[in-house]
Amino acid sequence: MSLESTLRELGKEIQADPRFEALQSAAAKNDADEGLQSQMQELQLISLKYQQEAAKADDADQSRISQLQEEYQKQYEEIMKNENMETYSAAASQMEEMAQYISKMIGLFFDGENPETCEIQPENCTHDCSTCGGCH
């Protein structure tokens, strides 16, 4: 099997994973949520206004910049409270964990580890077993 076909098989496995399906479903719900889309457009508008004001450099109105930052933060918090966005964020987090796992495993392969037996070490592993509190 070629590297290309193996990668395509990995892609199929990723897309068959329930985490991928959950992310796709959550994204579709976000897209269909008119209120959320309106809030996101407002967030983009605030961001654009901020960028325009900040681009004035020394002539920028600092109180206007502060006001826009507050508006942005408030709008962002409102968006993140939306049930559909919460579901999407959780699903995206699960997919990110999958991506990190895949990346770490590929890193082990590039380091010459045996693909059949290698395992990802815990984040706090010092490779000095005398400091170990256990992997599990």
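**Exercise 1.** In this predicted model, determine whether Lys-12 is buried or exposed, and identify the residue with which Lys-12 forms a salt bridge.

*Solution.*
Step 1. The relative accessible area of Lys-12 is 52%. The cut-off for an exposed residue is over 50%, so Lys-12 counts as exposed.
Step 2. The salt-bridge partner of Lys-12 is Glu-9, and the closest N and O atoms of the pair are 3.2 Å apart. A salt bridge requires a side-chain nitrogen of Lys or Arg within 4 Å of a carboxyl oxygen of Asp or Glu.
Step 3. Glu-9 has a relative accessibility of 36% and is therefore partly exposed.
Step 4. Both residues belong to helix α1, where they stand three residues apart, a separation of about one helical turn.

**Exercise 2.** Describe the salt bridge between Arg-8 and Glu-4, and state where the two residues lie.

*Solution.*
Step 1. The side chains of Arg-8 and Glu-4 meet at 2.7 Å, taken from N to O.
Step 2. Helix α1, residues 3-16, contains both of them, and they are four residues apart, about one turn of the helix.
Step 3. Arg-8 is exposed, at 54% relative accessible area, whereas Glu-4 is partly exposed, at 45%.
Step 4. In general, side chains of opposite charge can pair when their charged atoms come close.

**Exercise 3.** Analyse the pair Glu-78 and Lys-81 in the same manner, and state how many salt bridges the structure holds.

*Solution.*
Step 1. Glu-78 and Lys-81 form a salt bridge whose closest N and O atoms are 3.6 Å apart.
Step 2. The pair lies in helix α4, which spans residues 62-81, with a spacing of three residues, about one turn of the helix.
Step 3. Glu-78 is partly exposed, with a relative accessibility of 36%, and Lys-81 is exposed, with 56%.
Step 4. The structure holds five salt bridges, among them the one between Glu-78 and Lys-81.

**Exercise 4.** Identify the residues of the largest nonpolar core and the elements that give two or more residues to this core.

*Solution.*
Step 1. The core has six residues: Leu-23, Ala-26, Ala-91, Met-95, Met-98 and Ile-102.
Step 2. Helices α2 (18-32) and α5 (83-110) are the elements that each give two or more residues to this core.
Step 3. The largest share, four residues, comes from α5.
Step 4. Ile-102, one of the core residues, is also in contact with Leu-10 and Ile-14, when neighbours within four places in sequence are left aside.
Step 5. In soluble globular proteins, nonpolar side chains tend to be buried together.

Terms used
Residues numbered from 1 in each chain as written. Predicted model: local features only at pLDDT ≥ 70, side-chain atom pairs only at ≥ 80, totals over all residues. Heavy atoms only, no water. Core = buried A, V, L, I, M, F, W, Y, C linked by side-chain atoms within 4.5 Å. Buried < 20%, exposed > 50% of the residue type's maximum accessible area, 1.4 Å probe, protein only. Contact = heavy atoms within 4.5 Å.
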